[in-house]
Each structure stands twice: as C-alpha cells, then as structure tokens.
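Dear colleague,

Please find below the sequence and the structure that I am handing over to you. My findings follow directly after it.

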Amino acid sequence: MHDIRAIRETPDAFDEALRRRGLAPLSAELIALDDVRKGATSAAQANQERRNALAKEIGGAKKAGDEARATELMEEVARLKDAAPGLETAQAQAGALLDEKLAAIPNRPNPDVPEGTDEHGNVEYRRFAAIRPQLATGQQHFEIGEASGLMDFEAASRMSGARFVVLKGQLARLERALGQFMLDLHTGEHGYTEVAPPLMVRDEAMFGTAQLPKFRDDQFAVRERWLIPTAEVPLTNLVRESIVREEELPLRFTALTPCFRAEAGSAGRDTRGMLRQHQFNKVELVSITTPEQSAGEHERMLGSAEAVLKKLDLPYRIMTLCTGDMGFASQKTYDIEVWMPGQETFREISSCSVCGDFQARRMNARFRAGKTVNYVHTLNGSGVAVGRALIAVMENYQNPDGSVTVPSALKAYMGGIDRIEGHRV
C-alpha cells in the first residue's frame, strides 16, 4: 500500500515509478481523491465541532433564562444531527475509494532494478557451476518417475484432477528428505526460527501480503478462509497490527508447508510433470527488518537460498528481475534458476524479494525506535521450492539405467540409501 502523503510530496517521482512498471501516471487522480476525502472529513468534523459548541451555548442560554434562544439553538443541533450520518457516509466512502485505488497499485521498483517489459528484460546477477559434471541433456523428471513406478499422475488425476501427483516409496522419501534438509540448514546455520503456521487464513492476512484483491482468482477458498499460496502469508502476518521493538529486529522465520495455487493464469503451461501444481511443498523464508537493514537482508536471504543448491551441488544462475517481470508487492526480486537437463534450460526454484514498507502498511506492522514509531520492512523468499528441488535432483542426478543417485547432503535423511532405483513401493 502506498502512502498518499508521499505521493503528494513527490507526484512526479511516483508517476515515474509507475512508468517503469509499464503503468500510466496516477498521482493527479489519487491526489484528487484525497482532496475529496479531506473535504468530507473536514465537513464531518465541522459538523461535530459546531454541535459541541452549540451544546455549551444552549446551557448558557438556559442559565440566562433565554428559552427562545435555547430553542433556536436546539433546532440547529437537530438539523446538524440529521446531516451527520450523510457526512459520515460520504467520509467513509471517499476513504474507501482512495484505499481501493491505492491497494491496486504495485510497489515502486528500486532505482537499481533493470527496466523491461517481461522476462526477456531480466539480467543475470551471478551463477554457480556444480562441482560434479553437469548434464547437458537427459530425461525429464516425469519420464524418470513414471518409468520407476514411483510417480503417478494418473492416480492423482482420478482423485483430484489435473496438476496433482502421487509420489511413492523412495521418491516420496526423497521429497521429505529435501524439506527436512532445508529446514535444518536454515534454522541451524542461517539463524531462522522455525514456525508451524496455519494453512488457512482470513481475508485480512491475504490482503496484508498483497495476494488480495488483485490475485483473488489464483487462490483457493474454503469456508470463508483461504488456503495459503505460500507460507509468506502467515509468516509475514505474524507482525500484523503490532509494534515490535527495534532491538528485536531483524526477525527471521522459516516454515515448510504445503502451498495451494489455482494457477488461473497458466492454462496450457507446464501441463506435464510437477513443475506447476495446484498443491506443492515449499520452505519459505521471511524477514522483518528496519528500513536500514532491508537491503543487506535481501542479499543475506539470497545467500541462504543459494546455500541449499550449493550443498545439493546443483548448477544454477541468479537473475535480477526487471520492472515488468517482478511481483506486485516487490521493490526488487532475485530469481534463482536451477539447470534442468531434461528441459535443457534453467527454471525458477526460488524467488527472493524485498518489499520495503509496502506490505507493512497493509498490515499496520510497525517498530519503535526510541519515541518514534515507523513501519517495518518485509522480505520473503523460497528456501527453496521442495517439488522443484526434487525435479532438479532427479534430472541432474539421473543415471543411464534410469536410477537417481542421492546427493551426499541428503544421505543422512534417506537412511543411508544412495540410489533410487524404483519399483520399491
């Protein structure tokens, strides 16, 4: 959510930020709406102030025995009371309209974010070449999984429809091992606090992290609650409507949860395999910081996500997303893309974003520094997507006989199993 006062102070800068996002200027329209809101507020306040003043005058008139004057004043009070509900409604409507407009506008990109219209404008930041020999090509994960008998899309489709999968045996264990490995790494080495959050949240929580209202069609709703599209939602909302002490910051949270997405805007994309599912597991990273800490925390969070792929010895590259490709709430985003030999391309496995105070304003999340209270900054990132990590391991560690070698970092989580050969259900 944007601060209308900041827009008033620097309207040209606000419109330039929107231009970089590919949007038309909006400052004049927003300021006009704010003028209406201010006018309605002033009218309601003037009505109340006049009634308060009249109450004193009526008392004075009665004390002086001037009943005619008292009656005249009471009639004016009655007229003001009759007008008050309309003035209050106008005030509420003007404020709601302004808030609705502000809520629909994406965050301003940082100055160092490259300008572009889509993924073709993204810029490579750095890359990591695996120590083990990198496969240039190979089978795709679903070919390996189905041939082994450990990945069943047909059974999942019969019970749940498209974009679901059933994992069995050693492959199911490998997915579980990946999630536990990531949690242990982030809590043991990176200083994140593990959280087991609710998987269903209210409208307010989804609005706070900017999934609502813009991305309503991408979500699943159940009995007036939303299934979380990512643990970013409950983890970030841990500080909603609160004031934390500056010395508590940064707060760092991590969680391994199922995530649920309707994939409303991806019809026809990645229909084979596990790349784009309605339900998937992900380890999320969330940081709550002061404004001064957030840029450094963004790089730190990126390094934490990278560490997962380095320990798994998976080749990857990091892309700085351009203004036309980054998320609605983001000021700046890094995508980590892992090499997928089966597709012969890099695919996103983590996205790390700094949001400034954009989400904090929507959640009213603040911190106290001395006598001053300001909005916190929020950051979120995948640390990493478990299903996509499973795909990457399968494709990068595949063997000519159809088996998959277990990365050394996961062997302790696999009970000593060093190769997944299939048909062990």
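E247 is exposed in this predicted model, since its relative accessibility of 59% lies over the 50% cut-off. This residue forms a salt bridge with R245, and the closest N and O atoms of the two are 3.0 Å apart. R245 itself is partly exposed, at a relative accessible area of 45%.

The structure holds 27 salt bridges, and I would draw your attention to some others. K311 is paired with E189, with 4.0 Å between the closest N and O atoms. This pair links distant parts of the chain: K311 belongs to helix α10, E189 sits in the loop between α7 and β4 (193-194), and 122 residues separate them. K311 counts as partly exposed, with a relative accessibility of 39%, whereas E189 is exposed at 54%.

What is the setting of the salt bridge formed by K282, buried or exposed? K282 is buried, with a relative accessible area of 6%, and its partner E284 is buried too, at 3%. The closest N and O atoms of K282 and E284 are 2.3 Å apart. Elsewhere, R50, E57, R69, E72 and E76 are joined into one network by salt bridges that share partners.

Helix α10

Helix α10 covers residues 294-311 and has 18 residues. From its first C-alpha to its last, helix α10 reaches 26 Å, close to the 26 Å expected at 1.5 Å a residue. Its buried residues are S294, E297, H298, M301, L302, S304, A305, E306, A307, V308 and L309. After α10 comes D313, which has a positive phi, near 55°.

Nonpolar cores and surface

The largest nonpolar core has 52 residues, and L171, L178 and M182 are those with the most contacts inside it. Helix α7 (residues 169-188) gives the largest share of this core, eight residues. A second, separate core has 16 residues, among them V195, V244, A255 and F367.

M182 can be followed further through its contacts. Leaving aside neighbours within four places in sequence, M182 is in contact with V283, V308, G383, V384, V386 and A389. One of these partners, V308, is also one of the buried residues of α10.

On the surface, L199, M200 and V222 make a nonpolar patch of about 200 Å². V222 is found in strand β6 (residues 220-222). With a relative accessibility of 33%, V222 counts as partly exposed, because this value falls between the cut-offs of 20% and 50%.

Individual residues

Three further residues may be of use to you when you inspect the coordinates.

M340 is placed in strand β12 (residues 332-340). Its relative accessible area is 0%, so M340 is buried. Which residues does M340 contact, leaving aside its neighbours within four places in sequence? They are L275, T345, R347, R388, I391, A392 and E395. By contrast, K101 lies 41 Å from M340, C-alpha to C-alpha, and 239 residues from it in sequence.

N47 is found in helix α3 (residues 27-63). N47 is buried, at a relative accessible area of 6%. Not counting residues up to four places away in sequence, N47 touches L80, A83, A84 and L87. Of these, L80 is 33 residues from N47 in sequence and 6.4 Å from it in space, C-alpha to C-alpha.

H120 lies in the loop between α4 (67-103) and β1 (123-128). At 68% relative accessibility, H120 is exposed. The C-alpha atoms of H120 and A70 are separated by 75 Å, and the two residues are 50 places apart along the chain.

To return to the salt bridges, their settings may be set side by side: K282 and E284 are both buried, while R245 is partly exposed and E247 is exposed. For the pair that links distant parts of the chain, K311 is partly exposed and E189 is exposed.

With kind regards

Technical notes:
Residues are numbered from 1 along each chain as its sequence is written. This is a predicted model: local features need pLDDT of at least 70, side-chain atom pairs count only at pLDDT 80 or more; totals for chains, interfaces and linings use all residues. Side-chain values use heavy atoms; hydrogens and water are left out. Helices (H or I, at least four residues) and strands (E, at least two) are DSSP runs, numbered from the N terminus. Buried means under 20% relative accessible area, exposed over 50%, partly exposed in between (1.4 Å probe, protein chains only). Contact means heavy atoms within 4.5 Å. The expected span of a helix is 1.5 Å times one less than its number of residues. Patches are made of residues with over 30% relative accessible area and no salt bridge: like charges are joined within 9 Å, nonpolar side chains (Val, Leu, Ile, Met, Phe, Trp, Tyr) within 5 Å. Accessible areas come from the Shrake-Rupley method with a 1.4 Å probe; for residues, only the protein chains shown count as cover. A salt bridge is a side-chain nitrogen of Lys or Arg within 4 Å of a carboxyl oxygen of Asp or Glu. A nonpolar core is a set of buried Ala, Val, Leu, Ile, Met, Phe, Trp, Tyr and Cys residues joined through side-chain atoms within 4.5 Å.
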